[in-house]
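Reader: Hi! I'm new to this one and would love a friendly walk through it. Could you show me what we're looking at?

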Amino acid sequence: AGLLMTRVAKPLKLPSVTAYLVAGVLIGPYCLGLLGIEGLGFPTQEAVDGLSLISEVALGFIAFSIGNEFRMSSLKHTGKQAAVIGVLQALTATLLVDIALIAIATLSDALSVAQAITLGAIATATAPAATLMVVRQYKAKGPLVDLLLPIVALDDAVGLIVFAVSFGVAKAINYGNYDMTSILVEPLLEIVLSILMGFVMGSIFSAAEKYFKSNSKRLSLSITFVILTVALSMIEFEVGGVKIGFSSLLVCMMLGTVFCNVCDFSAEIMEKTDRWTAPLYILFFVLSGAELELNVFSSMSVVIIGAAYILARAFGKWLGASISSKCMKCSPSVQKWLGITLLPQAGVALGMSVTVAQTLGADGVMVRNIVLFGVLIYELVGPALTRIA
């Protein structure tokens, strides 16, 4: 389905990512699945969720590839710029979404201040998968791409901290009590432990690669280590009332970062791994399209608030990237185009929205639906805008 849809998208000059997502929507529970014909499309959301292992592994490989952008040789030139722009554009998006949605909350009963603050935090997250795939498809190179991939990678860490603090405040507004453990300790622990796990796995991986000389065995070992790292990063446990968890994106990113900086033949292995993952990425985006819940359009309040969220976040990302890239004296083309490449939103944002839905009950479900609406629009429009940039 994904491959056939690219033949339709090509004359329209749409990126392959958009074609895969549309294919997923068409074979998903809201289109072909409605026919209820066994073996034709996904009849239920559970059928899509049953293949979540593919999505987890694909995200691991995407993060591993992005780790390759953190080579010390290239970071000497772009590291400071990427760090400053990465933080400022994320915080600007949060601020503008907060302002827009708190204004709606004061004028209408459809949204509460707690929900507005939570949505502002979720606005930080950018989907690295769509961006990476567009860059790959068009073999894009230059100062914009050099900055873009590290910034998208940093978004995950910034998003986790902003979300944890904002969601802690939202829970305090709703329930009247502050819990500093969940607001600050747990997200910081998640980031530090994820980086630590990625560093350990990357060091073992780099040492193990040297025992194999043939490219096929080195490739096999690379695939094994990425999948093993994804599996380990899904472990969760509790110590003295503090929840310990890992971000698979950060862990696999660190795995790739350590490997590309320590192993002298990493570039060759990375290139071979990228070729192996092509069909896996297609499956990932088709499944992502099938996961998009079209029933969010049935609620007018979700559509109106969702539209405000989408516009405020898009303007925030563009404004934050534009101002911060000017401050960092980036080239005029980067200042002009960087902002619109940061719009795609998916996995991390959806993960945050699930946490909110589980914690805040009916209020959380509303937040999740707005995020689902945003993801639906951003994932279909974002890759095309990234292609233009």
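Author: Happy to! Let's begin with cysteine 31, which is partly exposed, as its relative accessible area is 28%. One thing to keep in mind is that this is a predicted model.

Reader: Thanks! While we're on cysteines, how many disulfides does the structure hold?

Author: The count is zero.

Reader: Okay, what about cysteine 330, and why is there no bond to cysteine 327?

Author: The closest cysteine sulfur to that of cysteine 330 belongs to cysteine 327, and it is 9.6 Å away, so the two are too far apart for a bond. A disulfide would need the sulfur atoms within 2.5 Å.

Reader: Got it. Is cysteine 330 buried or exposed?

Author: Cysteine 330 is buried, because its relative accessible area is 8%, and buried means under 20%.

Reader: There's a lysine just before that, at 329. Where does it lie?

Author: Lysine 329 is in the loop that runs between helix H14 (300–327) and helix H15 (332–337). With a relative accessibility of 73%, lysine 329 counts as exposed.

Reader: And what is phi like at lysine 329?

Author: Phi there is near 55 degrees, which is a positive value in a residue other than glycine. For background, most residues other than glycine have a negative phi.

Reader: Nice. Lysine 139 caught my eye too; what is its phi near?

Author: For lysine 139, phi is near 50 degrees, again a positive value in a non-glycine residue. Lysine 139 belongs to the loop between H7 and H8, and at 64% relative accessibility it counts as exposed.

Reader: Let's switch to pockets. What is the volume of the second largest pocket?

Author: The volume of the second largest pocket is about 940 Å³. It is lined by 30 residues, and those closest to its centre are Glu69, Leu132, Val135, Arg136 and Asp274.

Reader: Which elements give two or more residues to that lining?

Author: They are helix H2 (16–27), helix H5 (72–107), helix H7 (128–137), helix H8 (143–175), helix H12 (266–276) and helix H13 (278–291).

Reader: And how does the lining split by class?

Author: Twelve of the lining residues of the second largest pocket are nonpolar, nine are polar and nine are charged.

Reader: Can we look at some residues in those helices? What about tyrosine 20: buried or exposed?

Author: Tyrosine 20, which is found in helix H2, counts as buried, because its relative accessibility is 7%. The C-alpha atom of tyrosine 20 is 19 Å from that of glycine 60, and the two residues are 40 apart along the chain.

Reader: How about valine 87 in helix H5?

Author: Valine 87 is partly exposed, with 36% relative accessible area. Along the chain, 233 residues separate valine 87 from glycine 320, while their C-alpha atoms are 9.1 Å apart.

Reader: And where is valine 286?

Author: Valine 286 lies in helix H13 and is buried, its relative accessible area being 10%. Between valine 286 and methionine 133, the C-alpha to C-alpha distance is 13 Å, with their positions 153 residues apart in sequence.

Reader: One more of these: which helix has alanine 312?

Author: Alanine 312 is in helix H14, and it is buried, at a relative accessible area of 11%. The C-alpha atoms of alanine 312 and isoleucine 62 are separated by 28 Å, and these residues are 250 apart along the chain.

Reader: Last topic, rings! How many aromatic pairs does the structure hold?

Author: There are seven aromatic pairs. One aromatic cluster is formed by Phe64, Phe205, Phe225 and Phe259.

Reader: And what sits over the ring of tyrosine 378?

Author: That would be the charged end of arginine 313, which is 4.5 Å from the centre of the tyrosine 378 ring.

Reader: Lovely, thanks for the tour!

Conventions: Residues numbered from 1 in each chain as written. Predicted model: local features only at pLDDT ≥ 70, side-chain atom pairs only at ≥ 80, totals over all residues. Heavy atoms only, no water. Buried < 20%, exposed > 50% of the residue type's maximum accessible area, 1.4 Å probe, protein only. Phe/Tyr/Trp six-rings, centres within 6.5 Å; stacked < 30°, edge-to-face > 60°. Lys NZ or Arg CZ within 6 Å of the ring centre and 35° of its normal. 1 Å grid on protein atoms, 1.4 Å probe; cavity = no way out; pocket = protein on both sides within 12 Å on 5 of 7 lines; lining within 4 Å. Points joined across faces, edges and corners; volume = space filled by probe spheres on them. Helix = DSSP H or I, 4+ residues; strand = E, 2+ residues; numbered from the N terminus. Nonpolar A, V, L, I, M, F, W, Y, C, P; charged D, E, K, R; others polar.
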